[in-house]
Amino acid sequence: MPGPVVAKAEVQRWFMAPGVRRIRLKEGVVRGSLFLPPGDGPFPGVIDMYGDEGGLIEFRSSLLATHGFAALSLPYFDFEDLPRFMKELKLEYFEEAARFLRRHPKAKATTIKEALARWEEKSGQKASEAKEVKLYGQVPPVEKMDGALSALVNCEKLSLSTNCIDRIANLNNLKNLRILSLGRNNIKNLNGLEAVAETLEELWISYNLIEKLRGIRVMKKLKVLYMSNNLVKDWAEFVRLAELPVLEELVFVGNPLQEKFATDQNSWIEEATKRVPKLKKLDGTLVVKGEEEEGAEGAEGAEGAEGGN
């Protein structure tokens with residue numbers, strides 16, 4: 001509109017503060033840019049991926065570095081020698097990027113001690129007194145279940161899902177733990193669970209890298225096991241679940257063994273419950289048993305009772 005200018009202001013937004021360093025990457029198969037804050041570090045590390053636009057998009061990473069993060073701007077198609085189109089993406093590429101950032105001397109993960117301090121500030125509770133502690137989805141992620149977990153002496157439910165933990169450890173002091181959530185990590189085996197074998201009733205460990213179930217037999221009180229989307233591929237491992245005396249509910253969908261029956265859910269339930277007959281619920285479906293099966297189980301229970309008298 002015509003007329004005199006009443007006021008005028010100019011606003012500048014800094015995408016990269018003075019002192020932030022930008023390092024172009026061509027590390028093995030990994031491409032992108034690493035933005036580092038000023039100072040010696042180490043700094044919390046994050047990987048920034050920008051939707052389905054393609055190419056290298058850096059503005060968010062530069063902003064993150066301005067606020068103290070070691071930020072890796074990671075393209076995954078339509079950049080340099082990466083695939084031209086977002087058609088087939090190899091997960092190994094993202095794993096290599098994560099390994100690069102984890103190894104970098106300027107980047108660091110969140111420790112359990114730091115995660116507990118954040119949780120205490122947010123919840124207003126003391127971790128040593130709490131019955132439920134939520135440490136899921138830390139940024140940057142937790143990589144190790146370290147000794148700081150020993151403070152959780154009253155904890156009955158612990159959530160560490162959506163991190164980058166590769167091994168179960170340091171649960172010895174959690175004498176009251178009933179529910180443990182470790183979904184969406186990088187866990188490869190069940191070693192370490194023996195520390196809570198006397199109390200653990202529910203284990204949520206879907207979306208990990210577990211292929212073998214060796215060692216699960218010690219979980220004598222485990223009633224619920226959620227372990228979908230792992231890597232168990234043969235019946236020889238699956239039958240180890242029959243050694244769990246009170247297991248009632250199992251979620252196993254997405255394992256290679258179950259995917260063999262992807263087009264025939266009824267056959268999967270039949271074959272699985274034949275091998276683990278005490279299951280009452282499998283992959284969200286109630287298990288309906290015939291009268292003969294129920295009668296056989298009742299007879300076994302009666303024999304056991306007589307033997308104990």
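**Exercise 1. Locate Pro 42 among the strands and describe the peptide bond that joins Gly 41 and Pro 42.**

Pro 42 is found in the loop between strand 2 (30-36) and strand 3 (43-48), where strands are DSSP runs of E with at least two residues, numbered from the N terminus. The bond joining Gly 41 and Pro 42 is cis, with an omega of about 5°. As background, most peptide bonds are trans, and most residues other than glycine have a negative phi.

The model is predicted, so local features need pLDDT of at least 70 and side-chain atom pairs count only at pLDDT 80 or more, while totals for chains, interfaces and linings use all residues. Residues are numbered from 1 along each chain as its sequence is written, and side-chain values use heavy atoms, with hydrogens and water left out.

**Exercise 2. Determine where Arg 184 lies and what sign its phi has.**

Arg 184 lies in the loop between strand 8 (179-181) and strand 9 (202-204). Although Arg 184 is not a glycine, its phi is positive, at about 60°. Arg 184 counts as partly exposed because its relative accessibility is 45%; buried means under 20% relative accessible area, exposed means over 50%, and partly exposed lies in between, with a 1.4 Å probe and protein chains only.

**Exercise 3. Decide whether Asp 283 is buried or exposed, and give its place and phi.**

Asp 283 sits in the loop between strand 12 (281-282) and strand 13 (285-286). Its phi is near 50°, a positive value in a residue other than glycine. With a relative accessible area of 18%, Asp 283 is buried.

Key: Helices (H or I, at least four residues) and strands (E, at least two) are DSSP runs, numbered from the N terminus.
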